Amino acid sequence: MDLLNTLVDKGLRRELPTREEALAVLATSDDDLLDVVTAAGKVRRHWFGRRVKLNYLVNLKSGLCPEDCSYCSQRLGSTAGILKYTWLKPDEASQAAAAGLAGGAKRVCLVASGRGPTDRDVDRVSDTIKAIKDQNEGVEVCACLGLLSDGQAERLREAGADAYNHNLNTSEGTYAEITTTHTYADRVDTVQKAHAAGLSACSGLIAGMGESDEDLVDVVYSLRELDPDSVPVNFLIPFEGTPLAKEWNLTPQRCLRILAMVRFVCPDVEVRIAGGREVHLRTMQPLALHLANSIFLGDYLTSEGQAGKADLEMIADAGFEVEGAGEVTLPEHRVTAGGGCGSQAGAGCGSHDEGAGCGSSPESAGCGSHEGGGVCGTAPAAPAGEPRTDLVAVRRRGAGTDLAPNA
Ligand code: SF4
């Protein structure tokens, strides 16, 4: 297919595809799906080899958010039965992080619900970052605390944070339909503040909220312009008790096309499959590793993921390898240009949504995604296109509970 040959050539040269080309990827048929994965896989392997970076979410503060992000189980008015708790103490957060690191993660993503941190919150998180860094040499720490005020990104950087996550989530044109308590411009501003403070910027999207192909292309092109080091791709987990509970409109094939489009538009950036991986990709998860070079290990913010051991087995079975703590994530030209993650000096990179923090993600995304305790993989199959509510399980273990985490 001429389209795919063109996109591979552009991806290897870091040349921006046209919007028409990006839209054409989303419009490919199921008959062409493996060709699309093969083409985007060439770009992925050129920049990232067969490495898979593992990230581990620690939800520092869960639920009770005053914001109204429609996709989020922690939003104002949410009746989702999620865990609700206030700030974890530094040693509690460090203990949770250690479980993920022992499971193979190299980055810890510290997420807190809320519009944004107070200066006192920044102090708390700074203490937590220091505790995690003291106890885990070489770990990358990403903070995801919502909208930042002047000076807060610099303080987090001084405390040792490597990265900051704040997702754009959806296109500028539809942002007001998803959230009314803050704006798209607020989100852009926070990503820029993180960048300016020398933090590695992590910013991504949520697919499956009823957006058009044009909206998806819009947000991915906006992300390319912002130039984050990592782009988490969340697939909406339609939580019962949230306004988007009925938005079950993703298929595994659609998710693969979206990931391929993101890879072609952001070829040399860490593309991370975030919340909704198990719920929407299901048995097609291994194919998605040919497109993304990063996933979350274990559970999400407010929902369960498949068992951490199953994540590791999937990576090995698909012929990929877990990226080691001493390996640099990003291609050399990005490391030398930005100083963000991927730099060996221990600089890292990160995010806040369900999958990545609040900044946005579904799952809980507000920060989050789904879990289970094995929910995935054990539920009976539903007819194609049917809602898979059986795959959505609220997180009941790990941070904020007395039960062992999934890592
Ligand atoms: S995404 Fe973040 S800011 Fe929005 S409702 Fe959820 S926790 Fe609050």
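**Turns, packing and an annotated site**

Asp 227 sits in the loop that runs between helix H9 (213-226) and strand E7 (230-235). The structure described here is a predicted model. Asp 227 has a positive phi of about 60°, although it is not a glycine. As a general background, most residues other than glycine have a negative phi. The surroundings of Asp 227 hold 15 other C-beta atoms within 10 Å; because a residue counts as buried at 20 or more and as exposed at 12 or fewer, Asp 227 is partly exposed.

A second residue of this kind is Arg 282, a residue other than glycine with a positive phi near 50°. Arg 282 belongs to the loop between helix H11 (277-281) and helix H12 (285-288). With 18 other C-beta atoms within 10 Å, Arg 282 is partly exposed.

The chain as a whole may now be introduced. It contains 14 helices and ten strands. Of its 407 residues, 58% are buried. Among contacts between residues at least 6 apart in sequence, 77% join residues at least 24 apart.

Two residues offer examples of pairs that are separated in sequence. The first example is Gly 298, found in the loop between strand E9 (294-296) and helix H13 (308-317). Gly 298 and Leu 57 are 241 residues apart in sequence, yet their C-alpha atoms are 8.4 Å apart in space. Leaving aside neighbours within four places in sequence, Gly 298 is in contact with Tyr 56, Gly 100, Gly 103, Gly 305, Gly 308, Pro 405, Asn 406 and Ala 407. Gly 298 has 28 other C-beta atoms within 10 Å, and is therefore buried.

The other example is Ala 131, which is part of helix H5 (residues 119-135). Its C-alpha atom is separated by 9.6 Å from that of Gln 95, a residue 36 places away along the chain. Residues up to four places away in sequence not being counted, Ala 131 touches Pro 90, Asp 91 and Ser 94. Is Ala 131 buried or exposed? Neither word fits fully: Ala 131 is partly exposed, because 18 other C-beta atoms lie within 10 Å, a count between the limits of 12 and 20.

Attention turns next to an annotated site. In an unreviewed UniProt entry, the annotation "binding site" covers Cys 109, Cys 142, Cys 202 and Arg 272. These residues are spread over 164 residues of sequence but cluster in space, with a largest C-alpha distance of 13.9 Å. Cys 142 lies in strand E3 (residues 140-144), and Cys 202 is found in strand E5 (residues 200-202). Cys 142 has 32 C-beta neighbours inside 10 Å and so counts as buried. Cys 202 is buried as well, with 38 other C-beta atoms within 10 Å.

Helix H10 (residues 252-265) completes this tour. At 1.5 Å a residue, its 14 residues should span 20 Å, and this agrees with its end C-alpha atoms, which are 20 Å apart. How many of the 14 residues of H10 are buried? Eleven are, so H10 is mostly covered. Among the buried residues of H10 are Cys 255, Leu 256, Arg 257, Ile 258, Leu 259 and Ala 260. Met 261, Val 262, Arg 263, Phe 264 and Val 265 are also buried.

Conventions: Residues are numbered from 1 along each chain as its sequence is written. This is a predicted model: local features need pLDDT of at least 70, side-chain atom pairs count only at pLDDT 80 or more; totals for chains, interfaces and linings use all residues. Helices (H or I, at least four residues) and strands (E, at least two) are DSSP runs, numbered from the N terminus. Two residues are in contact if their C-beta atoms, placed from the backbone, lie within 7 Å. UniProt positions are given in the numbering used here, feature names are shortened, and annotations may be inferred rather than shown by experiment. The expected span of a helix is 1.5 Å times one less than its number of residues.
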